[in-house]
Amino acid sequence: MDRRQFLQGIGAFAATAGISSSVMAASADQPRFLLVFLRGGYDASHLLVPVSSSFYYESRPNIAIPRPSERPESALALNADWGLHPALRDTMLPLFQQGELSFIPFAGTDDLTRSHFETQDSIELGQALNGKRDFHSGFLNRLAAVIQPQQPMQCMAFTDQLPLIFQGDARVANLALKNPAKMQIDQRQSQIIRDMYQKSRLQDAVTEGFNVRADVMRELQEEMNSANRNAISTKGFALEAQRIARLMREKYALGFIDVGGWDTHVDQGSSKGTLANKFEELGKGLQTFREEMGGQWKNTTVVVISEFGRTFRENGKRGTDHGHGSVYWVLGGCVKGGKIAGDQQQLTASTLFQNRDYPVLNEYRAVLGGMFARMYGLSDSQLAQVFGGVRPRDLHLI
């Protein structure tokens, strides 16, 4: 293993974050916030089905989700205009009915590139599109600097690399939990890395980074032993969500996780199929997160977003292409749910954006800014540090 691979093994814990292993855990009554980023641009019209729009059914002759009925493959009625994908019948529908889940259609960014990478970067930065942008300043990092300037280790990116959204001046750790039992570097290699940076300006950061990593691994060991006795009933994202919840319940107040595979150009499926399976797994993961949070669920907000939606019309390969507006999920024990929130409009051929996509009526920085103001009691000047030049919108979801 060469020097570059060693450093990749440490990740942002050491060489880039400069974190401290001695910082106190988040207090029991501190708000918990988790952002789930669906990378690939998921088809929002498959999730939140515009059941009152005849144009939707004309536009998707092969993949449309049937209108609500007694049939199991039909959309699950949420109100007169919207239905939920049937793959979420047992997970997200009960949360909506209990008032712990809402959806925000026509949500997103004003970025029009329809490029995965450019739009993801744009959202993670949370900066104005028409000015000079700082690619070392993500909006969750700025939020962390505002809400907990003295306790940076209450933030965690549950990812292989420190994502753009968490880069900046505030110290943030990252650790992927897909397979925490498989250490990328062993004890001998760890010592070699420490020796490599001895007497350098990064010596303390490297040492403290390894300490934090070891601390998290110890916390997970008990759960992993339980998992070996078949205690975990779901797979994939649900397993990772359980581990994230365990850490956020006890220590971390601000978290980020991304889930890939949402770029469905071909054979997307309808009530069954590729996208339905992904919705089912995601729903189970979020349900598992809720259950594992226990009493802390009452202080928790989870927001699920994607870089953009998909084209309203299906393509020739029974899939959908890159779009614009999306649907955001907002769930949690402190969420005023059971509603479809934000500005909306009828879906017809004349109301589509550029004759192909959902328009963006609920700009993401304004929407998130309104939530952060409610959650953390932020002043206008504090919100300006997170989303400069944006007037927050309170959708009364918190």
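# Close-up views

**View A. Arginine 290, at 25% relative accessibility, counts as partly exposed.** The model shown here and in every other view is predicted. The side chain of arginine 290 meets that of glutamate 100 in a salt bridge, 2.8 Å from N to O. This pair links distant parts of the chain, with the two positions 190 residues apart. Arginine 290 belongs to helix α10 (residues 274–293). Glutamate 100 lies in the loop between α4 (92–97) and β5. Is glutamate 100 buried or exposed? It has 15% relative accessibility, and buried means under 20%, so glutamate 100 counts as buried.

**View B. Arginine 60 and aspartate 43 join their side chains in a salt bridge.** The N to O distance is 2.6 Å. The partners are 17 residues apart and link distant parts of the chain. Arginine 60 sits in the loop between α3 (54–59) and β3 (76–77). Aspartate 43 sits in the loop between β1 (32–38) and α2 (44–47). Arginine 60 has a relative accessible area of 1% and is buried. Aspartate 43 is at 0% relative accessibility, so this residue also counts as buried. Why can such side chains pair? Side chains of opposite charge can do so when their charged atoms come close.

**View C. Glutamate 363 and arginine 365 form a salt bridge between their side chains.** N and O are 2.7 Å apart. Both glutamate 363 and arginine 365 are buried. Elsewhere, Arg39, Glu124 and Asp258 belong to one network, joined by salt bridges that share partners. How many salt bridges does a search of the whole structure find? The search finds 14.

**View D. Eight strands make an open sheet with mixed pairing.** Read across the sheet, the order is β7-β6-β8-β1-β9-β10-β5-β11. Which strands stand at the edges? They are β7 (173–174) and β11. Each has a single partner strand, so one side of each is left without a neighbour in the sheet. Strands of a sheet pair through backbone hydrogen bonds, and the pairing may be parallel or antiparallel.

**View E. Strand β5 (residues 101–108) is largely enclosed by the rest of the structure.** The reason is burial: eight of its eight residues are buried. Strand β5 pairs with β10 (residues 326–331) through five bridges. These two strands run antiparallel. Follow serine 102 across to β10, and its bridge partner is valine 330. Two bridges join β5 to β11 (residues 362–363), and here the strands run parallel. Which residue of β11 is the bridge partner of alanine 107? The partner is asparagine 362. In a regular strand, side chains alternate between the two faces of the sheet.

**View F. Helices α9 (residues 237–250) and α10 pack together.** Their axes are 8 Å apart and meet at an angle of about 25 degrees. Angles under 35 degrees count as roughly parallel, so that word fits α9 and α10. Their crossing is right-handed. From α9, the contact includes Phe237, Ala241, Ile244, Ala245 and Met248. From α10, it includes Leu282, Gly285, Leu286, Phe289 and Met293. Charged names appear in the contact too, among them Arg246 and Arg249 of α9 and Glu281, Lys284 and Glu292 of α10.

**View G. Lysine 317 lies in the loop between β9 (300–306) and β10.** Is lysine 317 buried or exposed? Its relative accessibility is 55%, and exposed means over 50%, so lysine 317 counts as exposed. Leaving out residues up to four places away in sequence, lysine 317 touches His265, Val266 and Asp267. Aspartate 267 is 50 residues away along the chain. The C-alpha atoms of lysine 317 and aspartate 267 are nevertheless separated by 6.3 Å.

**View H. The protein chain contains twelve helices and eleven strands.** The chain has 398 residues, and buried residues make up 56% of them. Consider the contacts with a separation of 6 or more. Residues 24 or more positions apart account for 74% of those contacts.

Definitions and conventions. Residues numbered from 1 in each chain as written. Predicted model: local features only at pLDDT ≥ 70, side-chain atom pairs only at ≥ 80, totals over all residues. Heavy atoms only, no water. Buried < 20%, exposed > 50% of the residue type's maximum accessible area, 1.4 Å probe, protein only. Helix = DSSP H or I, 4+ residues; strand = E, 2+ residues; numbered from the N terminus. Pairing = 2+ DSSP bridges. Salt bridge = Lys/Arg side-chain N within 4 Å of Asp/Glu carboxyl O. Axes fitted to C-alpha atoms, helices over the stretch in contact; angles between N-to-C directions. Parallel < 35°, antiparallel > 145°, perpendicular 65-115°, else oblique. Left-handed = near helix turned anticlockwise from the far one by under 90°. Contact = heavy atoms within 4.5 Å.
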